[in-house]
Structure formats: C-alpha cells, structure tokens
Amino acid sequence: MTEIDKRNGLQRAFTVLLIFFICIGCYKSPPSLQEAQSYSTPALLENIRSSGVLRVGTTGDYMPYSYLHKGSMDSLQGIDIALAKDLANSLGVEVEYVPTSWPTLMADLKANKYDIGMSGITITLERQKQALFSLPFSSGGKAAITRDENVEKFQSISAINQESVRVIVNPGGTNEQFTRSNFPNATIILNEDNLSIFQRIVKGEADVMVTDAIETRVQELIHPELEAVNPDTPFNFFEKAYLLPVDHTFKAYIDQWV
C-alpha cells in the first residue's frame, strides 16, 4: 500500500468517526417514565383508584345478570351486580351503579357516564366499532318464550315470522335487532320495560318473545304459564363480555380479573 493510499484510508476513517460523533450529539435519549407520564392524560385505572369509585353502568332489567328487585338502584341484584362488587374489591374501591338503558348504552359510555358496562352485554361488531370488550365470560343464543299451549307452534323462525303472530320485544339491544331481522312479516310490539314483557305474554297481549336462552329459563320459572322453546338449541350463537372504553391498560386489568 502506498503512502497516498494510507492517507486516503485515514481520511475516510476520520470522516466516518466524525459522522458518528455528530449523530451521537444529535441523538436525544428517550424520556424518563416521569417525563412520559407528564405527556399523557391519566389512565382510567389510575383515575378509578385515585377517586376511590368504580362506576358500573347497568340496565337493571335483565335477569339473571342485572335487575331492580324493588324498583330502585339500591335494590339491584344479579350475577353482574355481585361480580361488580368483587371487581371493586380487587381495585380497593367502592362501586357506584350508574343507570343506563339498551338504547343509550353506547352513548352513555362515550359520554363517560360509567367506567364499565356490566349487564349481560352481548359482543356485537357494531359495539366493537366504538368500544372494547373484556374476554368473554359466557356464551349462548336467542330462544323463544311463549305460553305453554303455544310451544309447538313456535318451533322455528319461519313459524314465528307470520303476519298473525305478535312478537313483543324491548328496544335498543340485540333482542330488537334479532326480531327485526328475522320476523319482518310478524306484528312487532315494542315494550319499553323489559321485565313487564313476560307478564304481557301471560295475559295474552302478545304471543312470543325471542331473547337470550338463559333469560327464557329464568322467566319460565317465575311465570309457570310460560315455557322456553328449545333453549338448549337456540337460533344463533353469541358471547357476553364486559363493555369497556378504549383504554388498553384498563382492558388488560379486566381481562386478568375475568
């Protein structure tokens, strides 16, 4: 190697080193945890712990998950009501039940009226466009419930989808969606109060309701005049989970708790 080649090689080496040190000088280390936290808004989990309250949105009209025993939020009972207390205990906070409804369920969540929806809520694509769900905790399907003497008449969707059949349903949830999609020829009766629907069928003011199979089992026990139609082989399949705002840290906690 000639002397000129050596000088050129050294110059190239110095150039590379110079670029390297310039890059180091321009590089800014990532922010510390404290700095990163100052850039972001407090997470929901942190807010719940600092406030000492877990706000649970619930409809209070869906046995066996959430129902008003004596007509007030203080008398709430059900599977999800008991589990809400367990979740609050795991967080070391108190639980506050926030009334919501099936028509306003998503709007109330987006308006930050509650932290988590616990009311036997079904996972749907439409709801997933706006919010997150926990891991599913149960699965089921839609089944019919009617008076004992009409069970054989309503064995299928096509049998119910007749002009002479009065199908009663509560508005705003998956029951109404299923009813309108599958029974366009039937007479649809909207009933604002979900819990009073079954008594109206007993009285003969409606013929049939299609709801979650688990609810038909509960209601046939409460009303001896009614019978669930094939609850072990429902019309469709779905999963239930807890409704959450878009906060992945909070979702991770709820999933672990589930």
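T124 touches F133 and T174, leaving aside residues up to four places away in sequence. T124 itself sits in the loop between β6 and α6, and in this predicted model the residue is buried, with a relative accessible area of 15%. Buried here means under 20%, so T124 makes the cut at 15%.

One of those two partners leads straight into a helix. T174 belongs to helix α8, which covers residues 174-182. T174 is also one of the buried residues of α8, along with N175, E176, F178 and T179. As a general point, an α-helix has 3.6 residues a turn, so residues three or four places apart point the same way. What lies over the buried residues of α8? The cover includes strands β9 (142-147), β10 (166-169), β11 (187-190) and β12 (208-212). Helices α6 (125-128) and α7 (157-160) are part of that cover too.

Now for some backbone oddities. Most residues other than glycine have a negative phi, and most peptide bonds are trans. Two asparagines go the other way on phi: N112 has a positive value near 60 degrees, and N230 has a positive value near 50 degrees. Both turn up in loops, as the table shows.

| Residue | Phi | Loop | Relative accessible area |
|---|---|---|---|
| N112 | near 60 degrees | between α5 (105-110) and β6 (116-117) | 48% |
| N230 | near 50 degrees | between β13 and β14 (238-240) | 31% |

Partly exposed runs from 20% to 50%, so N112 counts as partly exposed at 48%. N230 is partly exposed as well, because its relative accessibility is 31%.

Where is the cis peptide bond? Look between M63 and P64, where omega is about 5 degrees. P64 is placed in the loop between β2 (61-62) and β3 (66-68).

Finally, have a look at the surface charge. Which residues make up the patch of negative charge? They are D148, E152, E225 and E227, gathered on the surface. E227 is in strand β13, residues 226-229, and the loop holding N230 runs from β13 to β14. A residue needs over 30% relative accessible area to join such a patch, so E227 clears that bar at 34%. That value also makes E227 partly exposed.

Conventions. Residues numbered from 1 in each chain as written. Predicted model: local features only at pLDDT ≥ 70, side-chain atom pairs only at ≥ 80, totals over all residues. Heavy atoms only, no water. Patch = residues over 30% accessible without salt bridge, like charges linked within 9 Å, V, L, I, M, F, W, Y side chains within 5 Å. Areas by Shrake-Rupley, 256 points an atom, 1.4 Å probe, with all protein chains shown as cover. Salt bridge = Lys/Arg side-chain N within 4 Å of Asp/Glu carboxyl O. Lys, Arg positive; Asp, Glu negative; His and termini not counted. Charge placed at Lys NZ, Arg CZ, Asp CG, Glu CD. Helix = DSSP H or I, 4+ residues; strand = E, 2+ residues; numbered from the N terminus. Buried < 20%, exposed > 50% of the residue type's maximum accessible area, 1.4 Å probe, protein only. Contact = heavy atoms within 4.5 Å.
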